[in-house]
Amino acid sequence: KGKRAFIAGVADDNGYGWAIAKSLAAAGAEILVGTWVPALNIFESSLRRGKFDESRKLQDGSLMEITKVYPLDAVFDNPEEVPEDVKTNKRYAGASNWTVQEVAESVKKDFGTIDILVHSLANGPEVSKPLSETSRKGYLAAISASSYSYVSLLKHFLPIINPDGSSISLTYIASERIIPGYGGGMSSAKAALESDTRVLAFEAGRKKKIRVNTISAGPLGSRAAKAIGFIDMMIDYSFTNAPLQKELHAEEVGNTAAFLASPLASAITGAVIYVDNGLNAMGVGV
Ligand code: NAD
């Protein structure tokens, strides 16, 4: 009760970030979100115009409140790193203070501290290319947006996360099993994210008793996933082959995040938690 969460990677009501926000709000947390700068205007105007009101509804009938939306581009750590073409890009022109360091400073100025940090973002410009055809630039961009962005977020937010706080990211089984179609270095980026979860759990645990976990989520038809192109096939595959033959709801990932952020999970850190109807446990499709 009375906890405050910052969720990076919410720009519509379809993805895991939104579902996590709802589950945390239902559990009584105050919600702050970080929204990718190019998506900021549409997200904020849709919120304002009531476009998300139906999906803001919580179990008790009340609407999730988002206390503040921060513009964020998690591939830049501070203003000195922002290249001229991005600074002058008209999709960035209206927003300010959106580098990771500046967002952490703004949250500190506005609210002092947070209790829960969520990283629900990924990007791989060459995701539709097989790994063996991926350029160095594309590979490094995937790692930058999908893995280092988490290191950077935790680094900059750690000083303002209260002791006993919790940090959660989202990963995908392509890190450890072959998933053809999840290319461009995205499988590599998720492998890095999972390894970093363990090391960051050690560092944040020793420093501030903060827990660091990642949720390996099953396929969801989010905006990001649709951009990859094979999501419907993965959803069908999961439905057919997983131990639990049912649709995977974003809410089920949200609820796991709420559990991981709560005292019920006080001894869980450095873990990869599967929320995938059990598909990860299968050895063959049947
Ligand atoms: P989503 O589109 O809801 O979320 C991705 C978000 O990342 C978007 O809001 C996008 O604007 C944001 N983003 C991209 N680049 C950014 C940047 N540089 N700075 C800030 N924000 C940026 O899609 P989602 O599928 O819910 O993705 C959330 C997380 O879940 C990702 O880490 C994804 O890899 C993971 N995941 C998704 C699936 C799936 O099937 N959808 C499965 C397993 C894991």
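## Where H6 meets H7

Let's start with one pair of helices: Val100, Gln101, Val103, Ala104 and Val107 in H6 are in contact (heavy atoms within 4.5 Å) with Ser152, Leu153, His156 and Phe157 in H7. By class, this contact has six nonpolar, three polar and no charged residues. Here Ala, Val, Leu, Ile, Met, Phe, Trp, Tyr, Cys and Pro count as nonpolar, Asp, Glu, Lys and Arg as charged, and the others, Gly among them, as polar.

H6 covers residues 100–111 and H7 residues 136–157; their axes come within 9 Å and cross at roughly 35°. Axes are lines fitted to C-alpha atoms, for helices over the stretch in contact, and angles run from 0 to 180 degrees between N-to-C directions. The crossing of H6 and H7 is right-handed, a term for the near helix being turned clockwise from the far one by less than a right angle.

## About the model

You are looking at a predicted model, in which local features need pLDDT of at least 70 and side-chain atom pairs count only at pLDDT 80 or more, while totals for chains, interfaces and linings use all residues. Residues are numbered from 1 along each chain as its sequence is written, and side-chain values use heavy atoms, leaving out hydrogens and water. Helices are DSSP runs (H or I, at least four residues), numbered from the N terminus.

## H7 beside H8

H7 also packs against H8 (residues 186–208), at an angle of about 20° with the axes 8 Å apart. That makes H7 roughly parallel to H8 (an angle under 35 degrees). On the H7 side, the contact includes Tyr139, Ile143, Tyr150 and Leu154, and H8 brings residues including Met186, Leu193, Asp196 and Leu200. The residues of this contact divide into 11 nonpolar, three polar and one charged.

## H1 across H11

Helix H1 (residues 16–26) and helix H11 (residues 250–261) have axes that come within 7 Å and cross at roughly 55°. H1 is therefore oblique to H11, the word for angles from 35 up to 65 or from over 115 to 145 degrees. Among the H1 residues in this contact are Tyr16, Ile20 and Leu24, which meet H11 residues including Val253, Asn255 and Ala258.

## Around the ligand

Which residues are closest to the ligand? They are Tyr16, Ala74, Lys190, Leu220 and Ser222, out of 27 that surround the ligand (a heavy atom within 4 Å). A polar side-chain atom of Lys190 lies 2.8 Å from a ligand oxygen atom. For Leu220, a backbone N or O atom is 2.8 Å from an oxygen atom of the ligand.

Key:
Helix = DSSP H or I, 4+ residues; strand = E, 2+ residues; numbered from the N terminus. Polar contact = N/O pair within 3.5 Å; in protein donor to acceptor, adjacent residues only side chain to side chain.
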